[in-house]
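Please find below a short note on the structure you sent, set out as numbered points. Kindly read each point with the structure in view.

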Amino acid sequence: MIKDYLKFFKYSNKFLETPRLILRPMRVSDRDDMYDYASREEVTKYLLWRAHASRDHTQRYLSYVVSLYKSGEFFDFAIEYRENGKMIGTCGFAAIDEKNDSVEVGYVISPDYRGMGIAAEALDAVLRLAFCDMSVNRVEARYMSENGASRRVMEKCGMIFEGINRQKLLVKGEYRDIGVCSILASEYFGKNEKISAISERRPRMIGIGKYFTKR
């Protein structure tokens, strides 16, 4: 099912490519790049986790992530900027509900690369993977209600605002209102009639998989 498909995360030579980005599994060698943005309070202001206190913290986190890839328990991509090879954020699946063919997506972008449409470019690729390759029925994303920029990214990618869950989460000692946007398979394919699968692992989907590569 969905998680079985995502077992390609176990292999470090698997990539998703967009015109400006490479989405790939995170590596311990990403430590300095990740710390550069993950250590900033402005980045974590609207996230569930706190700013990384040190490079050692980031390295421990990445080591943990690598172990989760190997056991098939983690499904988030590093976003690598093709122009300079830097990891500038993450985008992928925050939760998977196989019973209901539904996934939750999330993303984080370094402030140095905001305002360039990068979050939307990465999210577009993940949506395409979810609908065309994994055959999910629903993709949703959540954001803290004050973070209007995140909602705009979701809507740019065709997601529809569903509403606000008041004081849904206790985050860093404060109850936060959480907004939800979603897109259904029927809506996605209604807007992307000729969209093709990213990989060739779903032969019933159209396309030749030019966005899924080995390196």
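The points below concern one helix, the aromatic rings and the residues with a positive phi in this predicted model.

1. Helix α5 covers residues 118-133 and holds 16 residues. At 1.5 Å a residue, the helix should span 22 Å, and its end C-alpha atoms are indeed 22 Å apart, so expectation and model agree.

2. Helix α5 is also mostly covered, since 15 of its 16 residues are buried. As background for the reader, residues three or four places apart in an α-helix point the same way because there are 3.6 residues a turn.

3. After α5 comes S135, which has a positive phi near 60 degrees. For context, most residues other than glycine have a negative phi. Two further cases are taken up in points 7 and 8.

4. The structure contains 5 aromatic pairs. One of them joins Y69 and F74: the ring centres are 5.6 Å apart and the planes meet at 70 degrees, so the pair is edge-to-face, the class for angles over 60 degrees. Both Y69 and F74 are buried.

5. A second pair consists of Y188 and F189. Their ring centres lie 5.4 Å apart with the planes at 85 degrees, and therefore this pair is edge-to-face. Are the two residues buried or exposed? Y188 has a relative accessibility of 5% and so counts as buried, the limit being under 20%. F189 has a relative accessible area of 29%, which makes it partly exposed. Together with F131, Y188 and F189 make up one aromatic cluster.

6. Another ring takes part in a contact with a charge. The charged end of R151 is placed over the ring of F161, at 3.7 Å from the ring centre.

7. Where is Q167 found? Q167 belongs to strand β7, which runs over residues 160-171. Its phi is positive, near 45 degrees, although Q167 is not a glycine. Q167 counts as exposed because its relative accessibility is 53%, and the class begins over 50%.

8. K172 lies in the loop between β7 and β8, the latter being residues 174-184. K172 is likewise not a glycine, and its phi is positive at about 55 degrees. With a relative accessibility of 33%, K172 counts as partly exposed, because this value falls between the limits of 20% and 50%.

Definitions and conventions
Residues numbered from 1 in each chain as written. Predicted model: local features only at pLDDT ≥ 70, side-chain atom pairs only at ≥ 80, totals over all residues. Heavy atoms only, no water. Helix = DSSP H or I, 4+ residues; strand = E, 2+ residues; numbered from the N terminus. Expected span 1.5 Å × (residues − 1). Buried < 20%, exposed > 50% of the residue type's maximum accessible area, 1.4 Å probe, protein only. Phe/Tyr/Trp six-rings, centres within 6.5 Å; stacked < 30°, edge-to-face > 60°. Lys NZ or Arg CZ within 6 Å of the ring centre and 35° of its normal.
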